[in-house]
Amino acid sequence: MPFSVDGTPSGSGERIAIVMRGLVRVTDPGTMTFAIRADDGFELKIGGSTIVSHPGLQKPLVASRQVRFDAPGRYPFEIVYFENLVDAIMEWSVAPGPHPEVKDQTSLPGPMFALLPTEMLVAV
């Protein structure tokens with residue numbers, strides 16, 4: 001994404017790509033369901049494994065997948081996101097426990113989903 005001299009984003013927000021890396025803090029073992037809602041392409045990896053992805057152009061759609069954590073800890077994540085034209089949307093949500101896994105849906109697969117809380121993220 002283009003940035004101005006003072007470090008703020010500039011330009012139209014079209015045709016951008018972002019790579020985000022950090023750690024996800026898991027406080028209890030068990031299953032969590034992660035979801036990404038994006039327009040356009042994305043890939044979410046946790047612990048080096050691809051959780052959900054969409055490599056092409058799309059309208060704002062959701063993909064979700066259950067992830068089992070055997071122990072509490074900090075797990076590395078990486079999100080690669082790109083936007084071609086028009087809407088730029090990328091939301092990362094989580095729900096405790098197992099929930100339906102979906103692909104190319106227009107909404108989250110249940111009311112338990114919320115945007116990933118900042119206390120679950122650790123900067124590296």
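## Salt bridges and cores

Reader: Is Arg 21 buried or exposed?
Author: Arg 21 has a relative accessible area of 57% in this model, which is a predicted one. A residue counts as exposed when that value is over 50%, so Arg 21 is exposed.

Reader: Happy to follow that side chain further. Which residue does Arg 21 meet in a salt bridge?
Author: The contact runs from N to O at 2.7 Å, inside the 4 Å cut-off for a salt bridge. It joins distant parts of the chain, strand E1 and strand E6, with the two residues 57 apart. The partner of Arg 21 is Glu 78.

Reader: Which strand holds Arg 37, the salt-bridge partner of Glu 91?
Author: Glu 91 and Arg 37 pair at 3.4 Å, N to O. Relative accessibility is 31% for Glu 91 and 25% for Arg 37, so each counts as partly exposed. Glu 91 lies in strand E7, 54 residues from its partner, and Arg 37 sits in strand E2.

Reader: Let's go inside. Which strand gives the largest share of the largest nonpolar core?
Author: That core has 22 residues, and Phe 34, Ile 36, Leu 44, Ile 46 and Trp 92 touch the most other members. Strands giving two or more residues to the core include E1, E4 and E7. The largest share is four residues, from E2.

Reader: And which residue touches Phe 34, Ile 51, Phe 69, Tyr 75, Pro 76, Phe 77 and Trp 92?
Author: A good one to look for in the structure! It is among the core members that touch the most others. Leaving out residues up to four places away in sequence, the residue with those contacts is Ile 46.

Notes
Residues numbered from 1 in each chain as written. Predicted model: local features only at pLDDT ≥ 70, side-chain atom pairs only at ≥ 80, totals over all residues. Heavy atoms only, no water. Core = buried A, V, L, I, M, F, W, Y, C linked by side-chain atoms within 4.5 Å. Buried < 20%, exposed > 50% of the residue type's maximum accessible area, 1.4 Å probe, protein only. Contact = heavy atoms within 4.5 Å. Salt bridge = Lys/Arg side-chain N within 4 Å of Asp/Glu carboxyl O.
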